[in-house]
Amino acid sequence: MIPGKYRSVSGRAANNVNCGLHLVIQTSSLPEKSKVEFKLNKETPSFSGRLLQHDLERNYSSRQGDHINLASSSMPSFPILQRSSEEKILYSDRLTLERQKLTVCPIIDGEEHLRLLNFQHNFITRIQNISNLQRLIFLDLYDNQIEEISGLSTLRSLRVLLLGKNRIKKISNLENLKSLDVLDLHGNQITKIENVSHLCDLRVLNLARNLLSHVDNLNGLDSLTELNLRHNQITFVRDVDNLPCLQRLFLSFNNISTFESVCCLADSSSLSDITFDGNPIAQESWYKHTILQNMMQLRQLDMKRVTEEERRMASIVAKKEEEKKRESHKQSLLKEKKRLTINNVARKWDLQQHRIPNIAPNQDRKVSDSPQDPSQLHGSTVSAFPEETGSLDSGLTSALQGLSVTDTHLVEVDGDTLSLYGSGALESLDRNWSVQTAGMVTTVSFTFIEFDEIVQVLPKLKIKFPNSLHLKFKETNLVMLQQFNALAQLRHVDQLTIDPQGNPVVNFTLWKYYVLFRLSHFSMQKINGTEVTQNDMIMAERLFGILAHVASSELPQYRLISILGDARKKQFRYLLETKGKKPGLVNEENSDSKRLVGENTNRATLNYTTRDFYNERLEEIKEKKKFCKMYMEDLVKEATEINMKNEALQKLWPQMFIELVRDAVIEIRNKSSYMKLCLQQITDQK
């Protein structure tokens, strides 16, 4: 029988279902004469067609209860229902026993042809005594005290089962009801959707006002068109996209707070009506736009018709939200990759410093002070990895899985700060930096890099980033004061920050004064965040002034010239030229110039040679010595051979001279023959 047939039950017919109905209670031990008859009031209220309501939640309208005179019995018993033959003919397929204060289902004999049975608004605790009604199509047990679904295994023709407002805790014992079309279980205590996958013909499922915390196990409900889950405790929804015919889904008044928890709804092609009102998600500003953008097929949202203008606005807003989300995801990715890279660089540095044993690389070292904010460049977020030139936009969903911990260096531009991690980052100074980017950089930070390696790129730093005024050093192995001499080759430095971590030089009490003395031509403003005062400059000069004078006066002239640059050589020559003049012959201006130039030149003699450079010089000197030695040996050998040949010639020369004279006399003795011989030799040569 089709659902429309259920709705054709008119109010008038329902009102007359119980005309002349007699209910008899009989115990098995009582004789026939002990039967007690109960006559039902003919004014039975109507049974409204509640299937017309989508949620099946509202209570039936209040109605006048049937009057029953019940005789007491001292033994357990089941009511036995009997109807006259006329009533059976008039209302052969339906029976209403609502509001009869029944605690058990009565025994219904001779009514195997019933198709509609109504027990609503009673006190029944268990479904029983209806297994013989195998033609039953419509069973209503709404508003009773049933705790378990049972006694229905023989009702294979049942199409509508209404068990709302009972005490059922579990969906069970529906295996044989494969023809079920409507199942109403609202207002119970059900915590899980289960044992319904075999109901392939079920169209309406009502689980409102239960204790559900999630939605799943819906596979197999291929005919389901309406699912009511209002007033539960649902936090996420699954498997709804596997319902090919679902059109209406009611999720009002639950605990859904994110679209991700119901994202499977976006994959449903049949869903047209949905409600989320009363959920935390409905309070979000992005709620409506996100739902409409991801569920383009919706006709109604929260019982309101969706307009084309709303769809258009939702599309625009959703695109902006998606871009923001992707950007956020990208920043998270960059931040995570930065963290992994810095951890790897730190671990490699610790291995070089012999601080930790060589262990597996997947054990990250925590860099507590590593920046967590992604780098910013021209107002947008940028992080530069020299070994990667491709865009990170593609494949963001799987990018976190592909993050590598083998990166050995990191270059980052964050506003006006250039941060270099690992010695490999120094190679970035050879890149073609844009004028705008290079001009913005005023602070350069070095971390996990040997200071001797930094010294070699300082000339490039001066050229590439002419506006850099603040240098930071952390874990760079600054161990002695002489290393600060190398910073003098920069163009200008206003601030200097030496982190105590990995830089033992800060343990020297006078290190700041030495920096101020050696780099006095920079007029430094701050050291480690502390303002430099005039008293600091005076103290620095007092402590180390004599050192520069001794260094410059004790060095030989050729050594001084080799140390000084071209600009300083002229100044040094000036010092030599004026050294022999008397003080009276030098005017005041030249005296000031001499004092200034002499001060800078003296400091210039305090230079620093890196270990690698010093080793290279030693190797070069060794090579030169070896070459010179070989060259001198060859000269000596050649000179010795020449001398030996000369001595041999001196011994042989007298005899050779005599032989030469004799041969000449013999040849010219016959003049004509000699002339012919000479002419012949000339002719032969031609």
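Start with the whole chain on screen: of the contacts between residues at least 6 apart in sequence, 52% join residues at least 24 apart. Keep in mind that this is a predicted model. Colour by secondary structure and you'll have 15 helices and 26 strands to look at. Switch to a surface view: the accessible surface comes to about 38,200 Å², and carbon and sulfur atoms own 52% of that. Of the 686 residues, 40% count as buried.

**Stop 1: the sheet**

Select strands E20 to E26. These seven strands form an open sheet with mixed pairing, in the order E20-E21-E22-E23-E24-E25-E26. The edges are E20 and E26 (530–531), each of which pairs on one side only. As background, strands of a sheet pair through backbone hydrogen bonds, and they can run parallel or antiparallel.

Go to the E26 edge. Here E25 (residues 526–527) pairs with E26 in the antiparallel sense, over two bridges. Show lysine 526 and you'll find glutamate 531 of E26 standing opposite.

**Stop 2: strand E21**

Now move across to residues 417–421, which make up E21. Is this strand enclosed or open? Five of its five residues are buried, so E21 is largely enclosed by the rest of the structure. Turn on the side chains: Thr417, Ser419 and Tyr421 point one way, while Leu418 and Leu420 point the other way, and all are buried. That fits a general pattern: in a regular strand the side chains alternate between the two faces of the sheet.

**Stop 3: the neighbours of E21**

Add E20 (residues 410–414), which pairs with E21 in the antiparallel sense over five bridges. Pick valine 411 and look for its bridge partner in E21: leucine 420. E20 and E21 form a hairpin with two residues between them. Click on glycine 415 in the turn, where phi is positive at about 65°.

Next, bring in E22 (residues 443–447). E21 and E22 pair in the parallel sense, again over five bridges. The chain gets from E21 to E22 through helix H7 (residues 435–440), and this β-α-β crossover is right-handed. For a residue pair to label, try threonine 417, which stands opposite threonine 443 in E22.

**Stop 4: histidine 409**

Select histidine 409, in the loop between helix H6 (396–399) and E20. Its relative accessibility is 11%, so histidine 409 counts as buried, the cut-off being under 20%. Draw a distance to isoleucine 449: the two residues are 40 apart along the chain, and their C-alpha atoms are separated by 9.8 Å. What does the side chain of histidine 409 make a polar contact with? Its partner is the side chain of threonine 408, at 3.3 Å.

**Stop 5: the cysteines**

Finish by selecting the cysteines. How many disulfides does the structure hold? Zero. In general, a disulfide is a covalent bond between the sulfur atoms of two cysteines. Zoom in on cysteine 263 to see why it has no such bond: the closest cysteine sulfur, in cysteine 264, is 6.1 Å from its own, too far for a bond. The cut-off applied to a pair of cysteine sulfur atoms is within 2.5 Å. Cysteine 263 has a relative accessibility of 40% and so counts as partly exposed. Then jump to cysteine 105, which is buried, with a relative accessible area of 1%.

Terms used
Residues are numbered from 1 along each chain as its sequence is written. This is a predicted model: local features need pLDDT of at least 70, side-chain atom pairs count only at pLDDT 80 or more; totals for chains, interfaces and linings use all residues. Side-chain values use heavy atoms; hydrogens and water are left out. Helices (H or I, at least four residues) and strands (E, at least two) are DSSP runs, numbered from the N terminus. Buried means under 20% relative accessible area, exposed over 50%, partly exposed in between (1.4 Å probe, protein chains only). Contact means heavy atoms within 4.5 Å. Accessible areas come from the Shrake-Rupley method with a 1.4 Å probe; for residues, only the protein chains shown count as cover. Two strands pair if DSSP finds at least two bridges between them. A crossover is right-handed if, with the strands pointing away from the viewer, the path from the first strand over the helix to the second runs clockwise. A polar contact is a pair of N or O atoms within 3.5 Å; within protein, one must be able to donate a hydrogen and the other to accept it, and residues adjacent in sequence count only if both atoms are side-chain atoms.
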